[in-house]
Amino acid sequence: MNPVVRWFHLLGSPPYFERFAARWAPWCYAAALVLFGLGLWQALFVVPADYQQGDSFRILYIHVPSAWMSLFVFGLMALYAAIALVWRIKLCEILAMACAPIGAAFTLITLATGSIWGKPMWGTWWDWDPRLTTELILLFLYLGVIGLYQVIDDRRNAARAAGLLAIVGVALLPVIRWSVVWWNSLHQGQTIRLFGQSSIDPSMLLPLWLMVVATKFWFAGSLLARARADNLRREAGKDWVAALAGERR
């Protein structure tokens, strides 16, 4: 068997995943904290003020990475949910449901920082702009997935029902992404591009990419930690969990 395929096969084993998550979650958190520190220091003390927005533009170093993560996490959650529905892989159910609270937090941060940024730029805390409105709907979808997962007692049935909602909701992601192009939007157009020339000043890009990578590591650590906890709850009573508890006494 191909080593990579074998590794993924092993990762689906609850005991193996427990060891994997316990080992790598702290490293992901540590990497995220280092990158957050570097990114925030650059953003606050190294990058010059924007010629139009002044120092208020610095909130983009929180807002933009959080906005990207709100979409990325929902897409990943839907992918895990689809795999779980098709192949009945329990670990994918766990991972999908572990994504939801993390993605909801990133979406809430996106909306909050957008409002803080919008007050001095637009003169209002909120506007029913297409980008803002669709991002708010995304938050409601996250909360719907979380609520549906919690209201059904059977964990596997709950994960499947909530996962189906995530799969249907993924249709919203391209609407959010292209809303500033498709409609006459108050929200500014795309200025930062992963591929191609960004219109933002190059001196402002380094801390932004540091924050983007930091949010990825933070998400990975949070996902492993939450999935590990849910994995242990589902496997409670199994011999390997009892043996693990005995080792920690």
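The exercises below deal with salt bridges in this predicted model.

**Exercise 1.** Work out which parts of the chain are linked by the salt bridge between E93 and R156, and whether each partner is buried, partly exposed or exposed.

*Solution.* Begin with the contact itself: the closest N and O atoms of E93 and R156 are 3.0 Å apart, and this pair forms a salt bridge. Next, place the two residues along the chain, where E93 belongs to helix α4 (residues 90-122) and R156 to helix α6 (residues 155-169), so that the pair, 63 residues apart, links distant parts of the chain. Finally, turn to accessibility: E93 has a relative accessibility of 2% and therefore counts as buried, whereas R156, with a relative accessible area of 27%, is partly exposed.

**Exercise 2.** Determine which salt bridges D230 forms with R233 and with R234, and how these residues are placed in helix α8.

*Solution.* First take D230 and R233, whose side chains meet in a salt bridge at 3.9 Å, N to O; both lie in helix α8 (residues 205-234), three residues apart, which is about one turn of the helix. Then take R234, which forms a salt bridge with D230, the closest N and O atoms being 3.9 Å apart, and which lies four residues from D230 in helix α8, again about one turn. As a last step, compare accessibility with the cut-off for buried residues, under 20%: D230 at 8% is buried, and R234 at 16% is buried, while R233 at 58% is exposed.

**Exercise 3.** State which residues are linked with E93 and D230 in a network of salt bridges.

*Solution.* The network of salt bridges links E93, R156, R160, D230, R233 and R234, and the structure holds nine salt bridges.

Methods: Residues are numbered from 1 along each chain as its sequence is written. This is a predicted model: local features need pLDDT of at least 70, side-chain atom pairs count only at pLDDT 80 or more; totals for chains, interfaces and linings use all residues. Side-chain values use heavy atoms; hydrogens and water are left out. A salt bridge is a side-chain nitrogen of Lys or Arg within 4 Å of a carboxyl oxygen of Asp or Glu. Buried means under 20% relative accessible area, exposed over 50%, partly exposed in between (1.4 Å probe, protein chains only).
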